[in-house]
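Please open the model in a viewer and keep the selection panel at hand. The stops below follow one another, each with a selection to make.

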Amino acid sequence: MDDLRKRRQQRIQHILNGEDRGEGRRNPDWLERLEHERRMQEDPEYAWHIRGNPWRTSPSRAEGTIKVQAVAAIVMFASVWALFQWEHPALAEGQAFVRAALTEELKLEDAYAWYEERFGELPSFVPAMERARTAAEAEHVGAGIGRAYIAPVSGSVVEPFGGVRSGAGIVVRASASSVASMDEGLVIYAGETQESGQTVVIRHPDGVETVYGYLGTIEVAKDDWVEAGGAIGTVRPSGTGEAGGLLYFAVKKGNSFVDPTDVVAL
């Protein structure tokens with residue numbers, strides 16, 4: 001860098017002295033200046049200014065690229081649409097390929113194998129791929145899931161886990177009508193079932209799901225995201241004039257239901 005800076009200063013001095021106006025041939029130092037010019041050509045910054053930015057794209061060129069991509073997308077869409085307009089044995093294989101691409105889960109193991117075969121180990125800057133390949137399967141536990149959860153209601157358990165009426169969950173006599181989500185998560189079901197009436201099912205992190213049944217009203221819909229402690233509905237009134245009512249509550253970890261009283265304090 002110091003050498004480049006020195007040559008630039010010499011170049012500026014030559015210009016100020018008028019030595020760049022065709023006088024180089026009469027100057028005994030013209031060979032030295034030619035060498036200086038050659039070295040300047042090797043200067044990356046000098047080459048950048050002379051040749052311009054090789055990655056710069058003009059607006060007209062970018063617009064042309066977008067038009068080409070749009071036309072290609074339209075042609076591809078039209079081809080797929082036409083593929084499904086006729087029932088012919090010759091088209092069955094193509095139709096099956098499109099259906100599989102749109103509906104079946106991508107097999108990342110094949111992508112990992114292809115990448116390692118051609119490029120070696122997965123790079124460290126793709127941690128998600130590495131985690132997906134090496135992550136251990138979730139363990140099915142009986143209790144103590146390991147997060148701090150919020151009780152959906154305050155009250156007392158009137159039917160314990162594994163009882164005749166509660167089955168895979170418990171039945172709680174709630175002291176208030178509002179029902180809260182045990183943890184943040186995605187609502188995967190909101191509707192009525194034969195077993196627990198008006199019911200909400202929420203999928204939480206770490207492979208946990210919760211079921212809230214015997215509801216009087218539902219305040220969420222399928223695919224809603226709820227925060228921990230967020231209201232999801234109300235319990236069905238008991239009919240005695242007292243506040244609150246009964247709530248069916250179940251907790252599932254992986255493929256196994258666990259006792260909710262081991263997870264939250266009611």
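In the hairpin of β5 and β6, which residue takes a positive phi? Select D206: this residue has a positive phi near 65°, in a hairpin with three residues between the strands.

Before moving on, note that this is a predicted model, in which local features need pLDDT of at least 70 and side-chain atom pairs count only at pLDDT 80 or more, while totals for chains, interfaces and linings use all residues. Residues are numbered from 1 along each chain as its sequence is written, and side-chain values use heavy atoms, with hydrogens and water left out.

**The whole chain**

Display the full protein as a cartoon. Seven helices and 10 strands are present; helices (H or I, at least four residues) and strands (E, at least two) are DSSP runs, numbered from the N terminus. Of the 266 residues, 26% are buried, where buried means under 20% relative accessible area, exposed over 50%, and partly exposed in between (1.4 Å probe, protein chains only). Switch to a surface: the accessible area is about 18,400 Å², and carbon and sulfur atoms account for 56% of that area. Such areas come from the Shrake-Rupley method with a 1.4 Å probe, and for residues only the protein chains shown count as cover. Among contacts (heavy atoms within 4.5 Å) between residues at least 6 apart in sequence, 53% join residues at least 24 apart.

**Strand β6 and its partners**

Select β6, residues 208–218. Two strands pair if DSSP finds at least two bridges between them. Add β5 (residues 197–204), which pairs with β6 in the antiparallel sense over six bridges; I202 has T210 in β6 as its bridge partner.

Next, add β9, residues 245–253. β6 and β9 run antiparallel and are joined by six bridges. Within this pairing, select E209, which stands opposite K252 in β9.

Finally, add β8 (residues 231–237), an antiparallel partner of β6 over three bridges. Here I218 has its bridge partner, G233, in β8.

**Aromatic pairs across β6 and β9**

Show the side chains of Y212, Y214, Y248 and F249. How many aromatic pairs does the structure hold? It holds two. Rings of Phe, Tyr and Trp (its six-membered ring) pair if their centres lie within 6.5 Å; planes under 30 degrees apart count as stacked, over 60 as edge-to-face and the rest as tilted.

Centre the view on Y212 and F249: their ring centres are 5.4 Å apart and their planes lie at 35°, so the pair is tilted. Y212 belongs to β6 and F249 to β9, and the pair links distant parts of the chain, 37 residues apart. Y212 is buried at 0% relative accessibility, and F249 is buried with a relative accessible area of 0%.

Move to Y214 and Y248. Their ring centres are 6.0 Å apart with planes at 55°, so this pair is also tilted. Because Y214 lies in β6 and Y248 in β9, the pair ties together parts 34 residues apart in sequence. Y214 is buried, with a relative accessible area of 12%, and Y248 is buried, with a relative accessible area of 12%.

**An exposed residue in β4**

For the last stop, select E192 in strand β4 (residues 185–193). Is E192 buried or exposed? At 61% relative accessibility, E192 is exposed. Not counting residues up to four places away in sequence, E192 touches G197 and Q198. The C-alpha atoms of E192 and L215 are 9.3 Å apart, with their positions 23 residues apart in sequence numbering.
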